[in-house]
Each structure stands twice: as C-alpha cells, then as structure tokens.
Amino acid sequence: MKKAAMRWKRAGLILLASGMLLGGCSRAKEPVVASAPPLPTAITAPAQTLPTVQEEEMVDLSSLNDFALRLFQAGSSDASWVVSPVNVALALGQLRPGAGEQTAAQMDSVLGLEGELTQDQVWASLASLRTQLESLAPESLWQGWSLMMGEGPSVQVQYTNLLSQSLGTQVNLVDYEAAQYREEYSAWVKQASGGLITTMTGIPETNEPLVVTAAAALDGKWAKAFNEQNIRNATFELEGGQKVSTAMMTTKATPPLLESEQATFLAMPLDGNLEAWMILPPEGTALKDFVASMTMEQLTAWRSQATATSCLVSVPKIDISSSEDITETLRAMGLTAPFDEAQADFSAMGNKLSVSRLLSAFRIRLGETGVEVADEPMSQRMLRGMDREMKGYTFDRPFVMIIAEKDTGNLVMLAAVARPSEDRG
C-alpha cells in the first residue's frame, strides 16, 4: 500500500478554514467537543483506547451483504446508479457506538446485524472493517466517512478520540455562515475519493447540526489489460430502443460464467482482491425490474455455480457516478430514529445529536488498463464475433455490475449500468 497515498485515503480528512482552502495561512477552526454535559448514569463513556475483542465476536463484511443489496434496490431508477453500501454502513457506524439502546437496535436491524452488540464489539468491528476495505485494492479503491457539525451540538472528547483510532474520522465544525463553506464539502469528498469526485449533491443551504457523509471511488484496473487495438466503436442499446455510440473492449478470457433463464453471469478479475460481476438480464426485461428481483441467495448461487469458460468478452468502458442525499431512502428502509430529533438517542456520543442528512458520492471508472499486459491483438474476424471456436458475450445493453471481494464474494460497490457513461447527481 502506498504510504503517501494513504494519508489522503484516511477517512474524514478535511480542510476547514477558508484561508487553507484558498491557499492562505489562516488556522482551521477546532471542532466543538468539550461542552457536552455529563453522560447519563445508565450509559458508560467510551474508554480512551480501542478494546481488544476476539475476531469471532466482531462484525465482518458479509454481515452487511443483505443491507447492500436492499440499499441498491431502494435507490435504483431508470438512470445509471452506483452505491457502496458498506461505506454507507461505516458512515452510520461512526454514530453506532454512541447510540442508546433503542436507536442502536434500529440501526442494527436495518444493517442486518444480529445479536446485541456491545460497545467494545462495535468499536473493534469498525476498525476491522476499515482495515478490510483498505486492503482490498490499495492502488485503485478510495473511500472515506466524516461527521460535519454545524452550530449547536457537541461531542464527547473520548468519543472523537476513538473515532480517530477506529475509522480515522475527525469530527469537524462547519461554519455555514462563511461564503465558501460549500468548498469544505468539496475538499473533503475530493480527498476521500482520491480526486475522482469533486462535488457533492445535497449540501445544506443553512446551518444543520450534524451531516454524515460517505464517499467511495473505484479507479479500476483489470487483472489483465485490454489491448487498445481490440477497442472499437460500437452501439449500446438503451431501454426504449435508442442506440448510443460507445467504446467496446474485447478480449479472449476464461472467466467464471453461468448462463440461465434468469440472467447471464460473468466474473472478471480486477486489481487487488476484487472482481467485477457483470450480470445481463434476459432480453426484454427492464433493468429496474431486474434489480428489484435480485436476491442475495441468487447472487451467491450464481457466483458459486459459475465455471471457467473460454470465450470472447466485450464490455464497454464504464464511468458512472452518483451523488445524492440518501436520507429518505434510508428512512424508507426503516432507519428513522437517527434522523428524528425526538427519537434519536446518541447520548453516549454527545449532546443534542440527531442526523439532519446523509450525503453520499460514489464513482466507478473502468477502462482498458490492467495490472498485467494485454494479449496480442485479435483478428478482425474475432472482433466481429465470428469465431467458430469461441462463443462471445457482449454487454451492449443495460446490465448490473457488482464489485465484490474476490475471496469471499462480499459486496463492495453495486451499479446499474443503464448507459456506460452517466452522471447521476
């Protein structure tokens, strides 16, 4: 992992003062953390150091797979849509150790976490999940989480110390009266995404006490590069019959492949411990309807039943992004307490705390580049899909792309590719 890059990949880094953003020498405002009242006697203040917890007692990425698919389905529309639910879960995770019993129970239920988790388990799990994510593809996967606080609430010093240790998060005070406060959000998301995302949608117009943010970007590299001579202009047929021109990349490969009446499933290895699952719905099935019908059991079965098959694979260059306020989506999934002043209980975290909104920004970019050199150029006959010895699979209409952990099949990012290059925000 590149040490220099890791400084920027750490979650929650942000430049706050206008002078720093504009190149001057003003000092950043310090977060308000010391003015919270004494904690209720029923709730224990977190310790200053992360607890030691047995690995089998901690939450792992697989626990979030059902939540990942449900969040993907809840936000899907007729346009392209990409989300990293595990990063949304970790953004919410910043609040979870400070949640009271009822708020914590609702958060765990929506996230799909079973059993009653202790504060020690949650703190240790957050640190473990962060390490897992950062190790998946250090050269191409960027992600971050932050808590942006306006005037009003405050957070316990012990809590901010543990957030820094577990997730690298810093609780930041945002001056919403400053003319350039929006630049603070843009600076944070740019740093969290390795420069791949530069703006966020849904930034508050006026002071809001607590905004949670999540960002992830994949500047993907295939395990083996596509030969530039095997890239050609082709048509991608949108739903409704409209055709657009796109750069289609073709290669000879032996990917895990499964053809069924429900879908065509194909897995292509990426840099690091990631692979891209490309799932083509049956002809005539609307992408949104197909996404709504997917189940985690089905995805797991497709991946386990797929067998290595020599074939020609043609995929478009992908560059899709989504930036939006997903608060209402989470509410519709049953997560209401953190966003309700009357219900929210984060008294182990600080004073007067409820979440006003959760902002997200995600991007997947996959071109022809890869870790290993490309194969030799293909003949024109093969490029036209006329080779009799190899069957061809072409993703030239809307499909689903899932970025998954190669070893386990855990879901990291999910995208509905309505068209190969699209910005939703």
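These exercises work through strands, helices, aromatic rings and unusual backbone angles in one structure.

This is a predicted model, in which local features need pLDDT of at least 70, side-chain atom pairs count only at pLDDT 80 or more, and totals for chains, interfaces and linings use all residues. Residues are numbered from 1 along each chain as its sequence is written, and side-chain values use heavy atoms, with hydrogens and water left out.

**Exercise 1. The open sheet**

Find the strand order of the open sheet, its edge strands and its twist.

Solution.
- Start with the terms. Helices (H or I, at least four residues) and strands (E, at least two) are DSSP runs, numbered from the N terminus. Two strands pair if DSSP finds at least two bridges between them.
- Read the order. Four strands line up as β6-β7-β12-β16, with mixed pairing.
- Locate the edges. β6 (231–237) and β16 (391–394) each pair on one side only.
- Take the twist. From one strand to the next, it averages 35°.
- Check one pairing. β7 (residues 243–253) and β12 (residues 311–316) run antiparallel and are joined by six bridges. Met 248 has Pro 316 in β12 as its bridge partner.

**Exercise 2. Strand β18**

Which strands pair with β18 in the antiparallel sense, and is β18 enclosed or open?

Solution.
- Take β1 (residues 81–83). Its antiparallel pairing with β18 covers three bridges. Val 83 stands opposite Leu 414.
- Take β17 (residues 399–405). It pairs with β18 over six bridges, again in the antiparallel sense. Ile 403 has Met 413 as its bridge partner in β18.
- Look at the turn. β17 and β18 form a hairpin with five residues between them, and Gly 409 in that turn has a positive phi of about 80°.
- Apply the burial cut-offs. Buried means under 20% relative accessible area, exposed over 50%, and partly exposed in between (1.4 Å probe, protein chains only).
- Conclude. Seven of the seven residues of β18 (residues 411–417) are buried, so the strand is largely enclosed by the rest of the structure.

**Exercise 3. Helix α4 against helix α6**

Describe how α4 and α6 pack, then judge the burial of α4.

Solution.
- Fix the geometry. Axes are lines fitted to C-alpha atoms, for helices over the stretch in contact, and angles run from 0 to 180 degrees between N-to-C directions.
- Read the values. α4 (residues 85–93) and α6 (residues 119–136) pack at about 150°, with axes 11 Å apart. That makes α4 roughly antiparallel to α6. The classes are: under 35 degrees roughly parallel, over 145 roughly antiparallel, 65 to 115 roughly perpendicular, the rest oblique.
- Assess burial. Nine of the nine residues of α4 are buried, so this helix is largely enclosed by the rest of the structure. Among them are Pro 85, Asn 87 and Gly 93.

**Exercise 4. Helix α8 and what follows**

Test whether the length of α8 agrees with its expected span.

Solution.
- Compute the span. The rule is 1.5 Å times one less than the number of residues.
- Compare. The twelve residues of α8 (residues 181–192) should span 16 Å, and the end C-alpha atoms are 17 Å apart, which agrees.
- List burial. The buried residues of α8 include Tyr 181, Glu 184, Trp 188 and Gln 191.
- Step past the helix. Gly 194 follows α8 and has a positive phi, near 65°.
- Go on to Gly 195. It sits in the loop between α8 and β5 (210–224). At 33% relative accessibility, Gly 195 counts as partly exposed. Its C-alpha atom is separated by 9.2 Å from that of Trp 142, 53 residues apart along the chain.

**Exercise 5. Aromatic rings**

How are the rings of Trp 222 and Phe 226 arranged?

Solution.
- Set the criteria. Rings of Phe, Tyr and Trp (its six-membered ring) pair if their centres lie within 6.5 Å; planes under 30 degrees apart count as stacked, over 60 as edge-to-face and the rest as tilted.
- Count. The whole structure holds seven aromatic pairs.
- Classify. The centres of Trp 222 and Phe 226 are 5.5 Å apart and the planes stand at 70°, so the pair is edge-to-face.
- Add burial. Trp 222 is buried at 2% relative accessibility, and Phe 226 is buried at 4%.
- Note a cluster. Phe 265, Trp 277, Phe 290 and Trp 302 form one aromatic cluster.

**Exercise 6. A positive phi**

What is notable about the phi of Lys 352, and where does this residue lie?

Solution.
- Recall the background. Most residues other than glycine have a negative phi.
- Read the angle. Lys 352 is not a glycine, yet its phi is positive, about 60°.
- Place the residue. Lys 352 is in the loop between β14 (350–351) and β15 (357–372).
- Check exposure. At 64% relative accessibility, Lys 352 counts as exposed.
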